[in-house]
Amino acid sequence: MIKINNLNFGYSKHKPLFKNMSMQLSNGHIYGLLGKNGAGKSSLLKNLAGLVYAQSGTLEVMGFNPAKRQPALLEQICFIPEEFYLPSVKIDAYVRANAPFYKNFDHQYFGNLLKEFDIPVSQKLINMSYGQKKKVIIAFGLATQAKLIIMDEPTNGLDIPSKAQFRKIMASAMTEDRCIIISTHQVRDLDNLIDTVIMLDENDVALKASVQEITEKLTFKKVKEIDDSIIYAEPSLSGYNAVMPNYHHEESKLDMELLFNAILAEKVKFKPLFN
Amino acid sequence: MEFRDNKAIYLQIVEYVCEHILLGKWKADEKVPSVREMAVALEVNPNTVMRTYELLQNKNIINNKRGIGFFVAENAIEGVKSYRKVQFMDDELPVVFRNIYLLNIGFDELKTKYETFVKENFNA
């Protein structure tokens, strides 16, 4: 689905954001894109959608170079940005203007999603709350039936019931022929949806591994005391939340926040485990 | 369903299915929810549910009828019991043993407690 080879990218020549980044993504997965503020999550997503251009290296999305912005590719990409602008029209006018760009647009599915998200269809988009607008563009994006779904912080602004609906909708949207990439800081909103973690740090991919691979190699658990086997630990009420090599084939639950902090703090110790 | 934070999600879903079978909510030869239905209901990745169903197939708890879906196996209850027994012996019993040892609890005392418990809860 996506092949990135030796990608170099930055907004100015002196400050590179990605240095020789390479990575491949395939369909049938929900990728969780993690990274500190400014690590380049949104920029990577924009590269994939053809909204910014590489300085060198190659990007291939479904066989296309996204920088060329060919309609045959763009109609297969659904991009939900974190910041967006919606015009002062009602939903039906918005759909009349935008749906024709996507030849597989499913009007019935769009209607169902709006109902599920409880969107007031007679209201002008511009008068809706941020969360309502966000739900409209998520519904529109999914209704395009695009094969590549890119979402930048989709749960930002969603209220509590909407987050649960969002998870249900994404679980059903994940099909074998689709690739879904979600960048997020709200890992607890999404951690059971993500099957592969991509973490960006220091101009490159710090980790790309499936949840299964991570939990085969690492154990996440509460311990009373810290010993040498522990790679990284954070104090908690009843002791420590710790990450350690999985010596005894334990099947623990991945703690994504703990993993994130662990990799930032102990990058060198994790490198040999995931190569 | 509430997920706990100490065990892999796919194994928690295994327990969820086993519980339904033991309680008789899902009976032998009945269809179980599809991978997608289950993923939507539990708000998890369909690949996670697939992993659950693969394990349940290996333990002869459910069968995959090609093109139709997954069904509760004929001898599912035995399958569930032998799977759960291994889990109990390997995971839960060591914790209980540790406390029995640390607190100096005698086996006679445990036996009386156990028999009262069975009588009160299961009328056996």
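Reader: Which domains does the domain assignment give for chain A?

Author: The assignment splits chain A into domain 1 (2–201) and domain 2 (211–274); such bounds come from an automatic or database domain assignment. Residues are numbered from 1 along each chain as its sequence is written, while chains are lettered from A and ligands numbered from 1 in the order in which they are written. Keep in mind that this is a predicted model, where local features need pLDDT of at least 70 and side-chain atom pairs count only at pLDDT 80 or more, while totals for chains, interfaces and linings use all residues.

Reader: How many residues of domain 1 of chain A touch domain 2 of chain A?

Author: Eight residues of domain 1 of chain A meet seven residues of domain 2 of chain A, a contact being two C-beta atoms, placed from the backbone, within 7 Å. On the domain 1 side, strand S8 (residues 196–201) of chain A gives the most, with three residues. That side of domain 1 of chain A has five nonpolar, no polar and three charged residues. Here Ala, Val, Leu, Ile, Met, Phe, Trp, Tyr, Cys and Pro count as nonpolar, Asp, Glu, Lys and Arg as charged, and the others, Gly among them, as polar. As for the C-alpha centres of domain 1 and domain 2 of chain A, they lie 30 Å apart.

Reader: And what does UniProt list for chain A?

Author: An unreviewed UniProt entry lists "domain: ABC transporter" at residues 2–227 of chain A; positions use the numbering here, feature names are shortened, and annotations may be inferred rather than shown by experiment. Over residues 2–227, chain A is 31% helix and 30% strand, and the end C-alpha atoms are 41 Å apart. Helices (H or I, at least four residues) and strands (E, at least two) are DSSP runs, numbered from the N terminus.

Reader: How do H4(A) and H5(A) cross?

Author: Two packed helices are described by the angle between their axes and the distance between the axes. In chain A, the axes of helix H4 (residues 107–116) and helix H5 (residues 130–143) come within 9 Å and cross at roughly 155°. So H4(A) is roughly antiparallel to H5(A). The axes are lines fitted to C-alpha atoms, for helices over the stretch in contact, with angles from 0 to 180 degrees between N-to-C directions. Under 35 degrees counts as roughly parallel, over 145 as roughly antiparallel, 65 to 115 as roughly perpendicular and the rest as oblique.

Reader: Is the crossing of H4(A) and H5(A) right-handed or left-handed?

Author: H4(A) passes H5(A) in a right-handed crossing: left-handed is when the near helix is turned anticlockwise from the far one by less than a right angle, right-handed when clockwise. Tyr109(A), Phe110(A), Leu113(A) and Leu114(A) of H4(A) make the contact with Ala139(A), Phe140(A), Leu142(A) and Ala143(A) of H5(A). By class, that's eight nonpolar, no polar and no charged residues.

Reader: How many residues does each chain bring to the contact between chain A and chain B?

Author: Chain A brings 16 residues and chain B brings 15. Helix H6 (residues 160–173) of chain A gives the most to chain A's side, with five residues. The classes on that side of chain A are six nonpolar, four polar and six charged.

Reader: Over to chain B. Which domains does the assignment give there?

Author: Chain B gets domain 1 (9–76) and domain 2 (87–122), and 31 Å separate their centres, taken over C-alpha atoms. UniProt, in an unreviewed entry, lists "domain: HTH gntR-type" at residues 7–75 of chain B. Over residues 7–75, chain B is 51% helix and 12% strand, with the end C-alpha atoms 26 Å apart.

Reader: At what angle do H2(B) and H3(B) cross?

Author: The axes of helix H2 (residues 35–42) and helix H3 (residues 46–58) of chain B cross at roughly 120° and come within 8 Å. H2(B) is therefore oblique to H3(B). Their crossing is right-handed. Among the residues in the contact are Val35(B) and Arg36(B) of H2(B) and Pro46(B) and Tyr53(B) of H3(B).
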